[in-house]
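Let's take a walk through this one together. Have the structure open and turn it as you read.

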Amino acid sequence: MLHKEDKKKVEQIQMIALDQLVPADHLLRKIDRYVDFDFIYDLVEDLYCPDNGRPSIDPVVLIKLVFIQHLYGIRSMRQTIKEVEVNLAYRWFLGLDFYDKIPHFTTFGQNYRRRFQDTDLFESIFTNILQQAMDQGFVDTRLQFVDATHVKAHANRHKNKKAVVKKHVRSYQQQLEKEIADDRNAHGKDDLKPPKNPPTDTTTITQSTTDPESGLFHKGEHKEVFAYTIQTACDAHGWILACQSFPGNRHDSSTFFDFLPKLQALKPEKLVMDAGYKTPAIAKTLLEKDILPVFPYTRPKHKPALDDPYYKRDFVYDAYYDCYLCPEETILPYSTTTREGYREYKRNPKICKNCPTLHRCTASKNHQKIVTRHLWQDALDVAEDYRYTTPGKAEYKQRKETIERQFGSAKEYHGLRYTNQRGRKKMDLKAVLTFACMNMKKLALMMDRRDRERGDCGPSFTDLWRKWIDNIKKRQTPRFIRSLSAV
């Protein structure tokens, strides 16, 4: 309970402007100064009726409401409106005065359903903010860091069913099958016969009855949850360049090919990725597009059954004679090419039987060592050679300082650890708005720092007051009197 003197202070009336109550170094003040939001009007112009219907809310105010929600990690629009009601900095950022009515929390949802759904509005907003950073010279897309993070879906793990769905067809499957046939013919082998039990094009998965578009995700010792995976790219300075959501049960190496067109639009020269992307198909695809993949070292995937075994790296490949040479200098000639695109090189069991290091080489009963090599292994070898260089080591070391750091910030401060909405479209919306806010925040802070280093302390109070009045007048012009009933 307030004391008598404190109550008098609370009830006293003063003549004061809203602008005076917002600290000069507040983040929203910096964003308002350095980020231009006028482009939103052009993006939504075709979505509003210009000459009839009831007056609508300024579209920039609607978008700024969502920015506030994702910028400060507020869990819902309902809670965001409650925060705006009591936070003067939020009111100032929206261009509202002390007595302006705050929009109802369902306003954005209704506008999204009637106007913004099935449009590229929010993707365009993300792109425009990134372009503003590019125009300032902050972004460098030549070196990009690519990774995926999982976001927990708004779905109960125990509410599920078994569903039969189509398998995801690999985009490079036809090209691989053609090269397998050509390789077998070049070695005097016949084409592969159709398998006796051909695989079906469907598979059975555990599907959520709450959010069927999510996928069951299980990693390490974590419990199984329904989730989405967000493929993301950033540059060496931490600017988010692109993002796209997929079901959580799809592997990174599978979703990468759907995400690649967004990366190509930014014209990268190198892509730094973790071991989940280290496949022959990805390496070959990137090199064909003049993009150098930067991969890490990967340990052998299977636990050795022998003591002090020979690993595949101990066998030397001779490209001219197309064979392998074992540590005992015995040749392993080409044998066949499998349906998966692997060449098999086998050694004569009669020779291996009396080998002094057989116990380190193989545990097979027929004493035969088999070494496999993918048809596209040459592309992986190019990436592997670059991994040993000084630039390759330094660039991969940056990965944890760039893309991993952005994922940590997005989940810790901007609410990307889970989603309270359902469906891939809503997940795309949340991801693109979250990363747009992170870029917007970074742009404002970097430009503010640059101006301070140059000695520019920012606009005066009079300039800010005039800008605030101009924004009010702009919102009252006939151009932005739109109709809700016309939608």
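Leaving aside its neighbours within four places in sequence, which residues is Arg250 in contact with? Keep in mind that this is a predicted model. The list is His168, Thr229, Thr255 and Asp258. With Asp258 there's a bit extra to look at: its side chain and that of Arg250 are joined by a polar contact of 3.4 Å.

To find Arg250, go to the loop that runs between strand S6 (240-247) and helix H10 (252-264). Is this arginine buried or exposed? Its relative accessible area is 11%, so Arg250 counts as buried, the cut-off being under 20%. While you're there, look for Phe217: it sits 33 residues from Arg250 along the chain, and the two C-alpha atoms are separated by 8.6 Å.

Now zoom out. The protein has 487 residues, and 45% of them are buried. You'll be tracing 18 helices and 13 strands. If you take the contacts with a separation of 6 or more, 69% of them come from residues 24 or more positions apart. On the outside, the protein exposes about 27800 Å², with carbon and sulfur atoms supplying 50% of that.

One piece of that surface deserves a stop. Ile16, Leu21, Phe98 and Tyr99 form a nonpolar patch there, and together they have about 440 Å² of accessible area. Phe98 belongs to the loop between helix H6 (88-94) and helix H7 (107-116). Why does Phe98 count as partly exposed? Because its relative accessibility is 36%, which falls between the 20% and 50% cut-offs.

Key:
Residues are numbered from 1 along each chain as its sequence is written. This is a predicted model: local features need pLDDT of at least 70, side-chain atom pairs count only at pLDDT 80 or more; totals for chains, interfaces and linings use all residues. Side-chain values use heavy atoms; hydrogens and water are left out. Patches are made of residues with over 30% relative accessible area and no salt bridge: like charges are joined within 9 Å, nonpolar side chains (Val, Leu, Ile, Met, Phe, Trp, Tyr) within 5 Å. Accessible areas come from the Shrake-Rupley method with a 1.4 Å probe; for residues, only the protein chains shown count as cover. A salt bridge is a side-chain nitrogen of Lys or Arg within 4 Å of a carboxyl oxygen of Asp or Glu. Helices (H or I, at least four residues) and strands (E, at least two) are DSSP runs, numbered from the N terminus. Buried means under 20% relative accessible area, exposed over 50%, partly exposed in between (1.4 Å probe, protein chains only). Contact means heavy atoms within 4.5 Å. A polar contact is a pair of N or O atoms within 3.5 Å; within protein, one must be able to donate a hydrogen and the other to accept it, and residues adjacent in sequence count only if both atoms are side-chain atoms.
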